[in-house]
Amino acid sequence: MEDDLPAKREDDLPAEREEDQAELQRAMRQIEFYFADSNLPFDKFMWQLHTAHAEHWVPIKTVASFKRMREFQAHGLDWVTRALRPSAELEVDAEGVNVRRRTEVQEPKDQFERSVYAKGFGEEVPGLQGRLEDFFNRYGKANAVRMRRIDQTKDFKGSVFVEFADYKSVAVFLDADPKPIWDGKELLIMSKQAYCDMKIKEKGLTGKAAAIRRQNIAGQGRKGFNAFREMAEKGKDAGKKNKKPEIWLEFMGNKIRVHEEDGGSIKREDVSYVKGASLKFEGSGEDVSFDEIKGTLKERFARAPFVKYTRGESSGLVGFDRALTEDEINFVKENLKTLSAKEVTWTVPDEEDEKAFQVERAESAAKRAVSFSQRGRGGGRGGRGGRGDRGGRGGRGGRGGRGGSRRAGNDRPAKIEGTPAASTSAADDEQTGEKRKRAVEPDGGPHVGVRGEGVPTIQSAKKMKAEDSA
């Protein structure tokens with residue numbers, strides 16, 4: 001009968017309460033470890049749970065199901081919730097159902113320097129992880145106690161790496177007198193740095209091999225999950241997507257950066273003056289044919305020149321992709337004595353006029369380059385003669401408009417950075433397409449277009465298999 005049971009002695013109650021408090025404390029520390037900076041951002045499953053909710057609440061039920069929490073499962077979820085409430089690092093929601101960090105996740109600093117190596121723990125037995133954590137916490141707060149295992153078999157090596165929360169705890173452990181003892185035997189202890197140096201010396205490693213070994217031991221550059229690395233890579237990808245590709249123009253042997261202001265512009269100081277790369281004709285009839293000039297000069301020049309001429313005038317300019325030799329100037333004079341049935345004279349323009357002409361050519365080419373980059377594929381539909389405008393496919397004169405497919409200039413856009421190389425015909429010359437209005441020859445080239453784990457996808461916590469996160 002109940003009355004026959006011996007009454008509990010008063011001095012037994014404090015011992016029970018103390019034992020219960022120690023167990024609550026252990027459960028709290030274990031869950032704090034799951035959410036700690038030293039574990040959370042390097043544990044993929046925990047990070048998925050942490051990021052599944054906008055305010056980072058994680059179900060206590062899920063965390064309590066982890067392998068290293070099983071010793072507390074008999075107490076029930078309410079008991080685990082009670083263990084978490086005193087935590088300075090974690091907070092429980094009003095319903096007592098979810099838990100989260102009180103502070104933002106920070107990338108750990110000086111983990112290597114705050115870590116020690118200890119050996120002499122024998123073979124693995126049930127409950128060893130908990131015993132090890134209690135052992136090292138006597139010397140200071142241990143952020144993580146990692147049991148070292150053989151890669152192939154996963155057998156415990158009898159040694160651990162321990163990351164303490166601060167340098168003071170490291171000193172207390174390494175300078176302990178008497179030396180730390182486990183099951184009656186003195187442990188082999190040293191800093192992780194000293195262990196690293198010892199192994200490099202044992203293996204006779206130097207140079208790059210030594211550096212790689214040091215990185216492997218230190219944990220730097222490890223291949224496992226790393227939320228900070230994932231977020232950084234995601235940020236880079238987003239930056240690439242949002243960043244507009246830079247446009248560069250190849251102009252007379254130089255690359256010029258094209259800006260999108262005003263539909264395409266360049267800085268005048270970026271245009272390097274090439275003396276003697278232009279010729280001026282005077283005395284022509286009032287209806288000079290571009291083909292009359294280009295058709296003749298293509299026999300001597302690999303790249304068709306740029307021609308500036310306004311109908312009704314008796315003079316114009318012809319621009320080349322480089323400075324002309326005396327022989328080339330004489331070739332032009334000998335083979336183009338007349339234009340539009342009238343005799344013309346050819347001269348080299350003065351420096352001021354030639355500089356202005358070359359800047360105009362570069363500005364015109366910049367507008368063409370921006371137009372191509374924005375359209376993707378130029379020409380569109382419509383326009384006289386089929387798809388595209390007069391310079392597009394099917395315009396008057398077939399592919400390339402009047403004058404066929406011959407190119408009307410020599411100032412080409414370079415590769416647009418961030419995309420595959422643009423076709424060299426994308427802006428073969430610097431004409432704006434305004435033709436007669438701006439006294440610029442129509443473009444003969446076809447339009448050519450410009451082609452151009454962060455945080456893991458979170459599944460429902462119910463669908464995730466709870467696993468040991470330590």
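**Exercise 1. Determine how far strand β5 is enclosed, and describe its pairing with β6.**

Step 1. Strand β5 covers residues 142–149, and six of its eight residues are buried, where buried means under 20% relative accessible area, exposed over 50% and partly exposed in between (1.4 Å probe, protein chains only). The strand is therefore largely enclosed by the rest of the structure. Helices (H or I, at least four residues) and strands (E, at least two) are DSSP runs, numbered from the N terminus.

Step 2. The model is predicted: local features need pLDDT of at least 70, side-chain atom pairs count only at pLDDT 80 or more, and totals for chains, interfaces and linings use all residues. Residues are numbered from 1 along each chain as its sequence is written, and side-chain values use heavy atoms, with hydrogens and water left out.

Step 3. Six bridges join β5 to strand β6 (residues 156–164) in the antiparallel sense; two strands pair if DSSP finds at least two bridges between them. Within this pairing, V145 faces V162 of β6. The two strands form a hairpin with six residues between them, and K154 in the turn has a positive phi of about 65 degrees.

**Exercise 2. Identify the salt bridge that involves E163 of β6, and state what it connects.**

Step 1. A salt bridge is a side-chain nitrogen of Lys or Arg within 4 Å of a carboxyl oxygen of Asp or Glu. E163 meets R114 in such a contact, at 3.2 Å from N to O.

Step 2. R114 belongs to the loop between β3 and β4 (115–119), whereas E163 lies in β6, so the pair ties together parts that are 49 residues apart in sequence. Both E163 and R114 are buried.

**Exercise 3. Assign the accessibility class of each partner in the salt bridges D287–R311 and E334–K337.**

Step 1. The closest N and O atoms of D287 and R311 are 3.5 Å apart. This pair links the loop between β12 and α10, which holds D287, with the loop between β13 and β14, which holds R311; the residues are 24 apart.

Step 2. D287 is partly exposed, at 47% relative accessible area. R311 is likewise partly exposed, at 48%.

Step 3. For E334 and K337 the closest N and O atoms lie 3.6 Å apart. E334 counts as exposed at 53% relative accessibility, while K337 counts as partly exposed at 45%.

Step 4. Elsewhere, salt bridges with shared partners join E55, E91 and R100 into one network. The whole structure contains 20 salt bridges.

**Exercise 4. Locate the buried face of helix α10, and name what covers it.**

Step 1. Helix α10 spans residues 290–297, and its buried residues are F290, I293, K294, T296 and L297. Viewed down the axis, they fall within an arc of 165 degrees, so they line one face of the helix; the arc is that of the directions from the helix axis to the C-beta atoms.

Step 2. An α-helix has 3.6 residues a turn, so residues three or four places apart point the same way.

Step 3. The cover, by contact (heavy atoms within 4.5 Å), includes β12 (278–282), β13 (306–309), β14 (315–319), α11 (326–335) and β15 (338–339).

Step 4. At the N-terminal end, S289 caps α10, with a side-chain oxygen 3.2 Å from the backbone nitrogen of D291.

Definitions and conventions
A polar contact is a pair of N or O atoms within 3.5 Å; within protein, one must be able to donate a hydrogen and the other to accept it, and residues adjacent in sequence count only if both atoms are side-chain atoms.
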